[in-house]
Amino acid sequence: MKINYSELKSLFIITLGMAIYTFSWAAFLIPSGIIGGGVSGIGTLIYFASEKTILVGYSYFIINAFLILIALRILGSKFGVKTVYAIIVGSILLSVLPKLIPEPLVNEKFMAAIIGGALAGVGVGITISQGGSSGGTDIIAMIINKYRNISPGRIILYLDIFIIASSYIVFHDVPTIVYGYVVMSITSYAIDMVISGSKQSAQLFIISTEFEKIADEITGTMNRGVSVMDAKGWYSKENKKILMVVVRKHEAPSIFKLVKEIDGNAFISMGSVMGVYGLGFEEIRA
């Protein structure tokens, strides 16, 4: 049987993401009595409402078991397998870690909200980047994001408002709601940063007398498209050629190195672009 190392790597990264996510809840949010969003937030509410008899991991698994059926139909079996895996890992860790960490790692509640929210967002972002999900509102966010160019973090932000507000029923405490909203905002921002970080693109304009060699190297070595435009230097009054290249930001250093090797006197202008859609980049979604 052939081993798919790419899938194994993806599952390992999902495991890492869920470990970070569950650690944020077990070490900062749950012991501090802070209710965040998502199914974990619902599970935490049930945990305190049941006087700590129903573990968060149990609620997390049962609720997500129903939600995953919807995801399987809409997002496909490949998504479902990774999400089921992520939910199982999350359920196990949320059942074990709170027992190992009975007290929050920081005593200040506001700091617990900031650190917990940031770690939770990083964990969810890593999981989503591999085609999985930590479940709950993440599933709904990914369903909407499949058809519309709306950031998952923003969708989750709106969906979680009600969950956090409902914590008043259990705690009868307004500051708890405020802490929950702090967690929600930081989590949503961190998710967007992790997801968009790997998709950031750069647009480069390259002016060189060796434009043909540079264009050939970029298309041949980096498998990126190059557009050649006519221009005229107003100071020199000479006709020139400008190469326009759009690449992922992490590919830009390779372009600089390639250009320098061919023409050390080349002129390069680089700018960040908000989004790139089409062949080799993001799918166009209306």
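**Entry 1: Ser227**

I located Ser227 in strand 2. The model is a predicted one, and I read every value below as computed from it. I then looked up the accessibility of Ser227: the relative value is 34%, so the residue counts as partly exposed, a class that lies between the 20% and 50% limits. Apart from neighbours within four places in sequence, Ser227 is in contact with Ile242, Leu243 and Met244. I also took its distance to Lys109, and found 54 Å between the C-alpha atoms for a separation of 118 residues in sequence.

**Entry 2: the nonpolar cores**

I looked next for nonpolar cores. The largest has 42 residues, and Met18, Tyr21, Trp25 and Tyr60 have the most contacts inside it. Helices 1, 2, 3, 4, 5, 6, 7 and 9 each give two or more residues to this core. Helix 1 (5-29) provides the largest share, eight residues. A second core, separate from that one, has 14 residues, among them Phe211, Leu243, Val245 and Leu258. Leu243, I noted, is also one of the contacts of Ser227.

In general, nonpolar side chains tend to be buried together in soluble globular proteins.

I then listed the contacts of Trp25, leaving aside neighbours within four places in sequence. They are Ile30, Pro31, Ile34, Gly36, Gly37, Ser40, Gly41, Thr44, Leu94 and Ala120.

**Entry 3: helix 2**

Since Ser40, Gly41 and Thr44 appear among the contacts of Trp25, I turned to helix 2, which covers residues 38-49. Its 12 residues reach 17 Å from the first C-alpha to the last, close to the 16 Å expected at 1.5 Å a residue. Is helix 2 mostly covered or mostly open? I found it mostly covered, with nine of the 12 residues buried. The buried residues are Gly38, Val39, Ser40, Gly41, Gly43, Thr44, Leu45, Tyr47 and Phe48. After helix 2 comes Glu51, which has a positive phi, near 60 degrees.

**Entry 4: positive phi elsewhere**

As background, most residues other than glycine have a negative phi. I therefore recorded two further residues with a positive value, although neither is glycine.

Asn223 has phi near 55 degrees. I placed Asn223 in the loop between helix 10 (211-221) and strand 2 (226-233). Its relative accessible area is 66%, so Asn223 is exposed, the limit being over 50%.

Lys237 has phi near 60 degrees. I found Lys237 in the loop that joins strand 2 to strand 3 (238-248). Its relative accessible area is 46%, and Lys237 is therefore partly exposed.

**Entry 5: a nonpolar surface patch**

Last, I examined nonpolar side chains at the surface. Phe61, Ile62, Phe66, Val84, Ile88, Ile92, Val96 and Leu100 make a nonpolar surface patch of about 770 Å². Which helices each supply at least two of its residues? I found helix 3 (56-75) and helix 4 (77-100). Helix 4 gives the most, with five residues. Both helices also give two or more residues to the largest core.

I checked Leu100 of this patch individually. Leu100 lies in helix 4. Its relative accessible area is 61%; because this is over 50%, I entered Leu100 as exposed.

Definitions and conventions:
Residues are numbered from 1 along each chain as its sequence is written. This is a predicted model: local features need pLDDT of at least 70, side-chain atom pairs count only at pLDDT 80 or more; totals for chains, interfaces and linings use all residues. Side-chain values use heavy atoms; hydrogens and water are left out. Patches are made of residues with over 30% relative accessible area and no salt bridge: like charges are joined within 9 Å, nonpolar side chains (Val, Leu, Ile, Met, Phe, Trp, Tyr) within 5 Å. Accessible areas come from the Shrake-Rupley method with a 1.4 Å probe; for residues, only the protein chains shown count as cover. A salt bridge is a side-chain nitrogen of Lys or Arg within 4 Å of a carboxyl oxygen of Asp or Glu. Helices (H or I, at least four residues) and strands (E, at least two) are DSSP runs, numbered from the N terminus. Buried means under 20% relative accessible area, exposed over 50%, partly exposed in between (1.4 Å probe, protein chains only). The expected span of a helix is 1.5 Å times one less than its number of residues. A nonpolar core is a set of buried Ala, Val, Leu, Ile, Met, Phe, Trp, Tyr and Cys residues joined through side-chain atoms within 4.5 Å. Contact means heavy atoms within 4.5 Å.
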